[in-house]
Amino acid sequence: MDGSVRLDEVVMRFGDFTAIDKTTLEIGSGEFFSFLGPSGCGKTTLLNIISGFLVPSEGQVFIGGEPVAGVPVNRRPTAMIFQNLALFPLMTVFENIEFGLEVRGVDKRKRREVSERLLSLVALEGSGSKKVTELSGGQKQRIAIARALAVEPRVLLLDEPLSALDLKLRQHMRAELKAIQRKTGITFIYITHDQGEALTMSDRVAVMSAGRIQQVAEPRTLYRSPKTGFVAAFVGENNRIETRVIDRDGACVRLDGGALGQLAGRAGEGSTLANGEATALFVRPEYLRPVSEADACPKFAVTIEAVHFEGAWVMLETRLDASGELLRVQLGTELSRRHVEELVPGKSVWFGYDPEDAVVLPDDGGPVVDEATGEVVEASRSGAAHV
Amino acid sequence: MFRQLRARFGGPLAASILALLGMWLIVMVTLPQLQMIEYSLRPNLLPAQIGGPEDQLTLANYVTLFNNEIHRAIFFKTLWSSVLVTLLTLAVSYPLAWYLAKVATPRQAALCLLLLIIPFWINEILRTYSWFIILAFRGPLNEVLLMLGLIDRPIRFLNGDAGVMVGMVYAYILFMVFPVYNAIESLDDNQVRAARDLGAGTVRTHWRIVIPHAKPGIATGCIMTFMLAAGSYAVPALLGSPGSRWFTQIIYNWFFEGGNWNQGAAYAFLLLVLCIGFMSLVMKVFKVGLGDIAK
């Protein structure tokens, strides 16, 4: 059973609006693949193109190596889990799960066998005769999964299925989804705007913005080596500092931080950084640590503005003394305990980092940030990378 | 109810609202009906005999229907034809309601609704007459069919029940379209998408997902259409042939031509019982309660 999916130069336009810019992508059979991006980035559109609900304006989709152009939704080897689950409220759990088999003309006994087996897969044995309206959120979730699996899809498409659940349940369901995927070996294509979900479950993640795939990589690579400013800012937290290249020695780049003095970082993967080029240096809050002025590593002089105790860590909001810009620093409890006296609002301190941990990318003018929520919503138009 | 009304409108206004409502129900609905029943249980007498020894309560007026073969046949024909009208109206309205609720853009839907409603600005008699003209032996419909070569000679549409059916479907379509439209409109699009995604074709998606969801709306539409059809007078009078008389025409004749109000009242009451019986049956079959219909 080949559940690979290939998008070949797929473009989706709605009138003048380009929802998906020319996208080419390969998803392996049996892979847990996520599309991660803010709302409106085109990820749901892509899912609808794969499932057949939308016909791409240009390009081809292949499932299991076969082109699926002209194959209607009800004949594709895909099954979708909808954001609101879309369980059939007038049917029992059994009827829901068996719907796809009923459509295919499978006889009643065989249907019941399959649904019993799937109910045990999702750990809901014995609730087949219940109405779906009697189930809890998490149970509904599992029935939706069972219903989709009943038709033995080669590809399961999941459209933010966990977004309606509360935090604890969501985390639990992540593990469960991953386990079901491993057990069944079906290709999972997962849509989310929640990076935690994408990073914890996926084999690979495609980060999308404004209809373009910014980067496709394994979660660790994505986190460690973002290829574009958008990915750096959207995945995890990052401090963005504008700099200029002094010179470059392999991956190691020396940077002119203006008033911040000389800085350094690791050149982003595949980026060509010419001497003198404007760049953005990305340093994650957790890679910063308290240092003394005498330390040789690149460092920033800051004044602490606020200290947020988060339990497992402490988040500091500080201002760079040279530019007045915000620098966020995250310290593990142990580090923060050791420095507890210095780390109080109003104190001036130094924070340094290992150049290996900081990524240097061409300056793309910075991502677009939603003023109300502070979330990154879009890559800057100038610097979006083509994959 | 009084308490809610008082909270909103104050005591005196609430009391008068309820009083008006009560007046309406008692004076305009209940009392005339009761009087009808009273009429139906008395023999038709000359004014001088009223209150005399012959003025006894009797079921004779009801028995008339069961002894008169022609009237009985028309009674059941009316029942059957009304069921047919209801089913035809549903068949025409369901696709229309689906289109309005789920397929059309808001502009298209608004335009379509307007086109549906405008004819209803004209009164029912005139609308029915227009069908009389359209369906006439030498009318435009026959002309068009002849011109297209679909028929060799004109068809007598107004001879049997066909004219009545067409006229009634047309007259009552809105009473079916709106409840069904409302019901379908409230269906989550993802339900339909999910059914498609799981492999269901168009027919099965409608049969298993859309129709069960729209059931209360369909039941409401069917009940209204049936009641209106069974109680219709103008359409069968204008578009019907002598062979396709409606029970309402017989009731009319008892009242205004036979001058026998007592007999007419008994017939009218039987028709009312029939309609209520049918309504309960439909509600039972579709498993909908009064509350669902009021929605």
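# A tour that starts in the core

Select A:Ile81, A:Leu157, A:Ile189 and B:Val180: these have the most contacts inside the largest nonpolar core, a set of 157 residues. A nonpolar core here means buried Ala, Val, Leu, Ile, Met, Phe, Trp, Tyr and Cys residues joined through C-beta atoms within 7 Å. Buried means that 20 or more other C-beta atoms lie within 10 Å of a residue's own; 12 or fewer makes it exposed, anything in between partly exposed, and the C-beta atoms are placed from the backbone.

Now colour helix α8 of chain B, residues 162–185, which gives this core its largest share, 17 residues. Over in chain A, domain 1 (5–224) and domain 2 (238–378) both give residues to the core, so it lies between them. Those domain bounds come from an automatic or database domain assignment.

Before going on, a word on what you're looking at. This is a predicted model, where local features need pLDDT of at least 70 and side-chain atom pairs count only at pLDDT 80 or more, while totals for chains, interfaces and linings use all residues. Residues are numbered from 1 along each chain as its sequence is written, and chains are lettered from A and ligands numbered from 1 in the order in which they are written.

**Zoom in on A:Leu157.** What does A:Leu157 touch? Leaving out residues up to four places away in sequence, its partners are A:Leu47, A:Ile50, A:Ser51, A:Thr78, A:Ala79, A:Met80, A:Ile81 and A:Ile189. Touching, or being in contact, means that two C-beta atoms, placed from the backbone, lie within 7 Å.

**Show all of chain A.** You'll find 9 helices and 22 strands; these are DSSP runs, H or I of at least four residues for helices and E of at least two for strands, numbered from the N terminus. The C-alpha trace spans about 80 × 45 × 35 Å along its principal axes, and 42% of the 387 residues are buried. Put a distance line between the C-alpha centres of domain 1 and domain 2 of chain A: they are 38 Å apart.

Next, select residues 5–235 of chain A, which UniProt (unreviewed entry) lists as "domain: ABC transporter". Its positions use the numbering here, feature names are shortened, and annotations may be inferred rather than shown by experiment. The span is 37% helix and 26% strand, with its end C-alpha atoms 25 Å apart.

**Colour chain A by pLDDT**, the predictor's confidence in each residue, from 0 to 100. The chain averages 88, and 94% of its residues score at least 70. Among its elements, strand β3 (residues 32–36) has the highest mean, 95, and strand β22 (residues 376–378) the lowest, 67. Go on to residues 381–387 of chain A, where pLDDT is below 50. Where pLDDT is low, the predicted coordinates should not be read in detail.

**Switch to chain B.** There are 14 helices here and 0 strands. Of its 295 residues, 30% are buried, and the C-alpha trace spans about 75 × 70 × 35 Å along its principal axes.

UniProt (unreviewed entry) gives "transmembrane region" for several stretches of chain B, including 79–100 and 163–184. Residues 79–100 are 100% helix, with end C-alpha atoms 31 Å apart. Residues 163–184 are also 100% helix, and their end C-alpha atoms lie 30 Å apart.

**Last stop: where the chains meet.** Here 15 residues of chain B contact 16 residues of chain A. On the chain B side, α9 (189–197) and α10 (202–230) each give two or more residues, and α9(B) gives the largest share, 6 residues.
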